[in-house]
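Work through the exercises below with the sequence and the coordinates at hand. Each task is followed by a solution in steps.

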Amino acid sequence: MLRSKAALAKVGSLRTYASASSTAPTVLSTANGIKVAATEGHPDSPLASISLVINHGSRFETASTSGAAHYLKAFGFRNTQERTSFRTVREAELNGATLTASATRENITYTVQCFRDALPYFVDILGDIAAATKFSEHEFRDIARLVKFEALGARENPQARVIDGVHQAAFRSGLGNSLYALESSPVHTGDAVRQYAQSAMQSGRVAVVATGVDAVTLAALVGESRLAELTNEAAVADSKAKFTGGVHQIYESAAPVSHYALAFESDPSTAPALAALLGGQRRLKWGAGGASPLAKLAFSEGFAAESFSFAYSDAALVGVLVSAPSSHIKAAVEKVAAVVQTSVAKASPDAVARAVAATRLDVAEAQATQQGIISELSKLALGQGPLASLETVDSVAASLAQTAAKVFSAKPVAASIGLSQTTAYVDTLGF
């Protein structure tokens, strides 16, 4: 790939981080403040990926912009001042590339998976998305139907609603904001999305991460694209996440199955290992699903209990999602709470060893997938946490038992959906 001297001159300070991959990921800062992170991967592989990551997910929405992040995600790869969406999709197909858009509570990400020699073209595509999307009203009408469909799909998924609810209970606003544009969203025009995009597309909030290319080459390509036009004029300090605690209940008296999420405040670095210590995930095709007390309890009692963790830049949640017949949900939650207090908060050395082994496997598996690498590079570039590694897991393992005792003895937050008369209240669970 061609690198111009002018573009290379714009590259700022260089930092290199340890990684399990064949080449360590490198983070650069361009002249206008965009972070660029890349790892070359295996030299014999022709595959590459590139992502535009915007640190302006749903946690940054206000009452007047609720749902805007969902709409902004859906505007990815649409009409720009340089290209129509038809042209973008057709040329992506001719290159054998895959285009995807995704959103979390912190980031909106547009990703292209392609061959290495097509990277310069797709850097230009991502630059157009950032600086030249039209946000036309006729496109907004089409996008609104897609957004509504995705929101309805989430609404029909009770587990997704409970996870949304437990975030609201834990954080209220910010990280408590829904991932989806709800029916009450005040966003009704393309211009409203444009205004949200203007606050999102600040160079200090944007990162470009890639695999299959070195960071210097990538930084040069970014410097030659419309991404170089971004500024950071509207930079303001973001408010920190605040764990408030509470309960979020959704009453559906006709539901034959109820769902209940019990969550605890945690540190982002320890949340995955604590979730593994809870041990609700099924790692065996047959049998009780695992050796953990929680897995054995769910198997013997005939309900589902899956642990979860959500790690963000400045906060984390770890907990258990319980699903049971509505007539038995209260008893199921009470038994799960008892196991958390008696077995997980007082974890044995064997339980800690199993949790560490499971977490190590999850980290290694993520490092072996393109999606996992993109996620880690995004966190690294935007300063949302250290790169996950086996060494990090091992450092957490030394004090995991003490951490579990502290986290799982604190008062949790809860969210439920189902028959209200059989819902367990947090203050009755003994925490």
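**Exercise 1. Describe the layout of the open sheet of 5 strands.**

Solution. The model is a predicted one.

Step 1. Reading across the open sheet, the 5 strands come in the order 8-12-9-11-10, and their pairing is mixed.

Step 2. Strand 8 (247–251) and strand 10 (304–311) are the edge strands, since each pairs on one side only.

Step 3. On average, neighbouring strands of this sheet are turned by 15° against each other, with direction ignored.

Step 4. The pairings can now be taken in turn. Strand 8 and strand 12 pair in the parallel sense over 5 bridges, and Val 247 has Ala 414 of strand 12 as its bridge partner. Strand 9 and strand 12 pair in the antiparallel sense, also over 5 bridges; here Tyr 260 has Ser 416 of strand 12 as its bridge partner. Strand 10 and strand 11 (residues 316–325) are antiparallel and share 8 bridges. In that pair, Ala 304 stands opposite Ser 323 of strand 11.

**Exercise 2. Determine how many residues of strand 12 (residues 413–418) are buried, and which way they point.**

Solution. Step 1. The cut-off for buried is under 20% relative accessible area.

Step 2. By this cut-off 6 of the 6 residues of strand 12 are buried, so the strand is largely enclosed by the rest of the structure.

Step 3. In a regular strand the side chains alternate between the two faces of the sheet.

Step 4. Val 413, Ala 415 and Ile 417 point one way from strand 12, whereas Ala 414, Ser 416 and Gly 418 point the other way. Both sets are buried.

**Exercise 3. Find the buried residues of helix 10 and helix 11, and state what covers them.**

Solution. Step 1. In helix 10 (293–301), the buried residues are Leu 294, Ala 295, Leu 297 and Ala 298. They cover an arc of only 160° around the axis, which puts them on the same side of helix 10.

Step 2. The cover over the buried residues of helix 10 includes helix 9, strand 10, strand 11 and helix 11.

Step 3. After helix 10 comes Gly 302, with a positive phi near 80°.

Step 4. In helix 11 (residues 329–344), the buried residues are Ile 329, Ala 332, Val 333, Val 336, Ala 337, Val 339, Val 340 and Val 344. Viewed down the axis of helix 11, they fall within an arc of 160°, so they line one face of the helix.

Step 5. The cover over the buried residues of helix 11 includes strand 9, helix 9, helix 10, strand 10, strand 11 and helix 15 (400–407).

**Exercise 4. Place helix 9 relative to the strands and to helix 15.**

Solution. Step 1. Helix 9 (residues 271–278) lies across strand 9 (257–266), strand 10 and strand 11, and runs at about 30° to strand 11.

Step 2. The axes of helix 9 and helix 15 come within 11 Å and cross at roughly 80°.

Step 3. Angles of 65 to 115 degrees count as roughly perpendicular. Helix 9 and helix 15 are therefore roughly perpendicular to each other.

Step 4. Helix 9 contributes Ala 273, Leu 274 and Leu 277 to the contact, and helix 15 contributes Leu 400, Thr 403, Ala 404 and Val 407.

Step 5. Sorted by type, the residues of this contact are 6 nonpolar, 1 polar and no charged.

**Exercise 5. Classify Ser 399, Val 356 and His 70 as buried, partly exposed or exposed, and give their surroundings.**

Solution. Step 1. Ser 399 is in the loop between helix 14 (390–397) and helix 15. Its relative accessibility is 33%, so Ser 399 counts as partly exposed. The C-alpha atoms of Ser 399 and Val 352 are separated by 9.7 Å, with these positions 47 residues apart along the chain.

Step 2. Val 356 is part of helix 12 (residues 349–367) and counts as buried at 12% relative accessibility. Leaving aside neighbours within four places in sequence, Val 356 is in contact with Val 393, Asp 394, Ala 397 and Leu 400. From the C-alpha atom of Val 356 to that of Glu 224, 132 residues apart along the chain, the separation is 45 Å.

Step 3. His 70 is in helix 2 (residues 68–74) and is buried, with a relative accessible area of 3%. Not counting residues up to four places away in sequence, His 70 touches Glu 61, Val 147, Glu 150, Ala 151, Leu 179, Tyr 180 and Ala 181.

Terms used. Residues numbered from 1 in each chain as written. Predicted model: local features only at pLDDT ≥ 70, side-chain atom pairs only at ≥ 80, totals over all residues. Heavy atoms only, no water. Pairing = 2+ DSSP bridges. Helix = DSSP H or I, 4+ residues; strand = E, 2+ residues; numbered from the N terminus. Axes fitted to C-alpha atoms, helices over the stretch in contact; angles between N-to-C directions. Contact = heavy atoms within 4.5 Å. Buried < 20%, exposed > 50% of the residue type's maximum accessible area, 1.4 Å probe, protein only. Arc of directions from axis to C-beta. Parallel < 35°, antiparallel > 145°, perpendicular 65-115°, else oblique. Nonpolar A, V, L, I, M, F, W, Y, C, P; charged D, E, K, R; others polar.
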